[in-house]
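Open the model in your viewer and keep the selection tool at hand. The stops below each name what to pick and then what is found there.

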Amino acid sequence: DELVLADSTLPRFVYWKEKLYALPGGINDLVKFNLLTWPGKIRAGLGALGFVDPKPQEEESVQQFVTRHLGAEVFERIIDPFVSGVYAGNPRTLSMKAALKKVKNL
């Protein structure tokens, strides 16, 4: 048995509404990235720039964290399929701290 890792130079894909979308590999790819609407891209961009709602007192689910930082569209179209597949769990109830601690600490 041998552990085989994916080639890190290849794009990652998300399957949404019967179509595969290559995730952006860099900032230049965002303009042509058609999985998100323009309002969704703008919302995610504002979150990436630090325009984020205050952190709640209680522990957040993956859904709550991503929606607070990047918007509901990013959660629904990118994060939900990814987390559901990788963790075989429901990101609406999965703890952000437990599942994606390194991302949470960013």
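Start by selecting Arg77 and Glu73 in this predicted model. Both residues sit in helix α3, four residues apart, which is about one turn of the helix. An α-helix has 3.6 residues a turn, so residues three or four places apart point the same way. Show the side chains: Arg77 and Glu73 form a salt bridge, with 3.9 Å between the closest N and O atoms. How accessible is Glu73? Its relative accessible area is 19%, and because the cut-off for buried is under 20%, Glu73 counts as buried.

Stay on α3 and add Asp80, then pick Arg92. These two also form a salt bridge, the closest N and O atoms being 3.1 Å apart. This pair links distant parts of the chain, with Asp80 in helix α3 and Arg92 in the loop between α3 and α4 (96–99), 12 residues apart. Which partner is buried and which is partly exposed? Asp80 is buried, at a relative accessible area of 15%, whereas Arg92 is partly exposed, at 39%.

A search of the whole structure finds three salt bridges. For another of them, select Arg68 and Glu60, whose side chains meet at 2.8 Å, N to O. Arg68 and Glu60 are both buried.

**Helix α2**

Arg68 leads to the next selection, residues 62–70, which make up helix α2. Colour Val62, Phe65, Val66, Arg68 and His69, the buried residues here. Turn the view to look down the axis of α2: the buried residues fall within an arc of 165°, so they line one face of the helix. Just past the end of α2, select Gly71 and check its backbone, where phi is positive, about 105°.

**The loop between α3 and α4**

Return to the loop that holds Arg92 and select Leu94, which is in the loop between α3 and α4 as well. Leu94 has 24% relative accessibility and counts as partly exposed. What does Leu94 touch, leaving out residues up to four places away in sequence? The contacts are Glu60, Ser61, Val62, Val83, Tyr87 and Ala99. Two of these names have come up before: Glu60 is the salt-bridge partner of Arg68, and Val62 is one of the buried residues of α2. For a backbone distance, pick the C-alpha atoms of Leu94 and Gln63: they are 8.1 Å apart, although the residues are 31 apart along the chain.

**Helix α1**

Now select residues 38–48, helix α1. Its buried residues are Gly40, Lys41, Ala44 and Gly47. Seen down the helix axis, the buried residues of α1 fall within an arc of 125°, so they line one face. On the other side of α1, Trp38, Pro39 and Ile42 are exposed. Show α2 and α3 alongside, as both are among the elements that cover the buried residues of α1. After α1 comes Gly50, with a positive phi near 105°.

**The largest pocket**

Rolling a probe the size of a water molecule over the atoms shows where empty space is left. Run a pocket display and go to the largest pocket, which holds about 960 Å³ of space. Its lining has 29 residues, and the closest to the centre are Ala44, Leu70, Val74, Ile78 and Ile79. Ala44 was selected a moment ago as one of the buried residues of α1.

Where does the lining come from? β1 (13–15), α1, α2 and α3 (72–87) each supply at least two of its residues. The largest share, six residues, comes from α1. Colour the lining by residue class: 25 of its residues are nonpolar, two are polar and two are charged.

**Zoom out**

Finally, show the whole chain as a cartoon. There are five helices and two strands, running β-β-α-α-α-α-α from the N terminus on. Along the principal axes, the C-alpha atoms fill a box of roughly 45 × 40 × 25 Å. Colour by burial, and 28% of the 106 residues come up as buried. If you list contacts between residues at least 6 apart in sequence, 44% of them join residues at least 24 apart.

Notes: Residues are numbered from 1 along each chain as its sequence is written. This is a predicted model: local features need pLDDT of at least 70, side-chain atom pairs count only at pLDDT 80 or more; totals for chains, interfaces and linings use all residues. Side-chain values use heavy atoms; hydrogens and water are left out. Buried means under 20% relative accessible area, exposed over 50%, partly exposed in between (1.4 Å probe, protein chains only). The arc is that of the directions from the helix axis to the C-beta atoms. On a 1 Å grid over the protein atoms alone, a cavity is a set of points where a 1.4 Å probe fits but cannot get out, and a pocket is an open set with protein on both sides within 12 Å along at least five of seven lines; lining residues have an atom within 4 Å of a point. Grid points are joined across faces, edges and corners, and a volume is the space filled by probe spheres set on the points. Ala, Val, Leu, Ile, Met, Phe, Trp, Tyr, Cys and Pro count as nonpolar, Asp, Glu, Lys and Arg as charged, and the others, Gly among them, as polar. A salt bridge is a side-chain nitrogen of Lys or Arg within 4 Å of a carboxyl oxygen of Asp or Glu. Contact means heavy atoms within 4.5 Å.
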